[in-house]
Amino acid sequence: MERLKDKVAVITGGANGIGKITVDKFLDEGAQVICWDINADAGKKLLAENEGKALKFEKVNTVNKAEVDQAVNDIITTYGRIDILINNAGITRDATLKKMTPDQWQSVLDVNLTGVFNCTQSISAHMVEKGSGKIVNASSVVGLYGNFGQSNYVATKSGVIGLTKVWARELGRKGINVNAVAPGFIATEMVETIPKKVIADLESKTPLGRLGKPEDIANAYVFLSSEEASFINGTTLSVDGGLVM
Ligand code: NAI
């Protein structure tokens, strides 16, 4: 199936984890993919694994607005448009309220909120000119129900749900759909820091009885970027095996 045939798609944080599998799926679906990530080594590896495919990698720090604007201009010069933005890059710096440092607080807000804002502001301007586009943001189940030791992360993932609704309202009439995905706990490096006992507990609390796979989230990103989702706007799609209902 080529549900994203010839679409120009930017995927942030696409060099690892969920983003990397999303790059694979978007290529399979016929998109021209531009992956932005701060991890240049992982980007190089990604390019090598996908030699000959419609993939570009740029080392872009989404927190840096000037870098984002420059990278967007380069894409517009080369391809003339951006059809899809997947705001996938995100980080955790966990600590309890008592122990969280100002740096832990700020760095998570920078990547998970300011980075998403920067990419959306810069790319949506070009989507508005064209009168179409799809934007999908990475939230999280914890943005819906909170989580011990994640004041910074939860603030950003709840914030992303709010931003999704604001942008769905502001950009909907310009032909742009803005939605979010709220993944449950997905087996990536991000989750490797969680103690085994906590993981076992999460699996037992999930009606489907397992952690998610990066593919589960990549499939949701593809769907929300496709024409099949053309009347879906401002929603947060939970992809969590039923953990939060
Ligand atoms: P990951 O840590 O495996 O990959 C994140 C990627 O983002 C990395 O390649 C990293 O280099 C890149 N990145 C970090 N800061 C960046 C920046 N400033 N600019 C550009 N790239 C940057 O993470 P994972 O697990 O694949 O998560 C992807 C998204 O899904 C994140 O937004 C995360 O918060 C969200 N999520 C993940 C869950 C999980 O269980 N893994 C659960 C719920 C949400």
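This passage looks at the salt bridges of a predicted model. Side chains of opposite charge can pair when their charged atoms come close. In this structure, 10 salt bridges are counted.

A good place to begin is the pair formed by Glu 228 and Arg 3, whose side chains meet in a salt bridge with an N to O distance of 3.4 Å. Distant parts of the chain are linked here: Arg 3 sits in the segment before β1 (8–12), Glu 228 belongs to the loop between α9 (214–225) and β7 (236–239), and the two are 225 residues apart. Glu 228 counts as partly exposed because its relative accessibility is 49%, a value between 20% and 50%. Arg 3, at 26% relative accessibility, is also partly exposed. Arg 3 and Glu 228 do not stand alone, as salt bridges with shared partners join them and Glu 29 into one network.

Two helices are connected by another pair. Lys 20 forms a salt bridge with Glu 49, and their closest N and O atoms are 2.9 Å apart. Lys 20 lies in helix α1 (residues 17–28) and Glu 49 in helix α2 (residues 40–49), with their positions 29 residues apart in the chain. Glu 49 is partly exposed at 43% relative accessibility, and Lys 20 is partly exposed with a relative accessible area of 22%.

A further salt bridge brings a strand into the picture. The side chains of Lys 134 and Glu 227 meet at 3.6 Å, N to O. Lys 134 is in strand β5 (residues 133–138) and Glu 227 in the loop between α9 and β7, so this pair ties together parts 93 residues apart in sequence. Lys 134 has a relative accessible area of 7% and is therefore buried, the limit being under 20%.

Key:
Residues are numbered from 1 along each chain as its sequence is written. This is a predicted model: local features need pLDDT of at least 70, side-chain atom pairs count only at pLDDT 80 or more; totals for chains, interfaces and linings use all residues. Side-chain values use heavy atoms; hydrogens and water are left out. A salt bridge is a side-chain nitrogen of Lys or Arg within 4 Å of a carboxyl oxygen of Asp or Glu. Helices (H or I, at least four residues) and strands (E, at least two) are DSSP runs, numbered from the N terminus. Buried means under 20% relative accessible area, exposed over 50%, partly exposed in between (1.4 Å probe, protein chains only).
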